Amino acid sequence: MSSQVADIAEIPRKFIKDGTQFMNRCTKPDQKEYAQICRAVAVGFVIMGFIGYFVKLIHIPINNILVGGS
């Protein structure tokens, strides 16, 4: 019975230990790395925007053909 309680208590203890080790290893990005991340995110937004725009551009004529642009 006590081994089951010890096993259950070990899970959160191990999680907290792993979490603190992870946080201690993490560092803040410097200005150059931060700018690179921002550029990558901006490029991703632009690419996804163009994809959405072209899908919409193709969808409108197809929808008008199928529904019948009355």
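Biologist: Of the 70 residues of the protein, what share counts as buried?
Modeller: Keep in mind that we're looking at a predicted model. To count as buried, a residue has to come in under 20% relative accessible area. Across the 70 residues, the share that does so is 0%.

Biologist: And how much of the exposed area do carbon and sulfur atoms supply?
Modeller: The protein exposes about 6,900 Å². Of that area, the part from carbon and sulfur is 69%.

Biologist: What radius of gyration does the protein have, set against a compact globule of 70 residues?
Modeller: Let's start with the C-alpha trace, which spans about 75 × 45 × 10 Å along its principal axes. For a compact globule of 70 residues you'd expect a radius near 11 Å. The protein instead has 26 Å.

Biologist: Which secondary structure does it have, in helices and strands?
Modeller: Strands are quickly dealt with: there are zero. What the protein does have is two helices.

Biologist: Why is there no disulfide between Cys26 and Cys38?
Modeller: A disulfide needs the two sulfur atoms within 2.5 Å. For Cys26 the closest cysteine sulfur is the one in Cys38, and that is too far for a bond. Seen from Cys38, the closest is Cys26. So no bond forms in the model, as the sulfur atoms are apart by 18 Å.

Biologist: Is Cys38 buried, partly exposed or exposed?
Modeller: Partly exposed covers the range between 20% and 50%. Cys26 is in that class at 38% relative accessibility. Cys38 has 36%, so it counts as partly exposed.

Biologist: How far apart are the mean positions of the positive and negative charges?
Modeller: There are 8 positive and 5 negative charges in the protein. Their mean positions are apart by 9 Å.

Key: Residues are numbered from 1 along each chain as its sequence is written. This is a predicted model: local features need pLDDT of at least 70, side-chain atom pairs count only at pLDDT 80 or more; totals for chains, interfaces and linings use all residues. Side-chain values use heavy atoms; hydrogens and water are left out. Helices (H or I, at least four residues) and strands (E, at least two) are DSSP runs, numbered from the N terminus. The radius of gyration is taken over C-alpha atoms; the globule rule is 2.2 Å times the number of residues to the power 0.38. Buried means under 20% relative accessible area, exposed over 50%, partly exposed in between (1.4 Å probe, protein chains only). Accessible areas come from the Shrake-Rupley method with a 1.4 Å probe; for residues, only the protein chains shown count as cover. Lys and Arg count as positive and Asp and Glu as negative; His and the chain ends are not counted. The place of a charge is taken as NZ of Lys, CZ of Arg, CG of Asp or CD of Glu.
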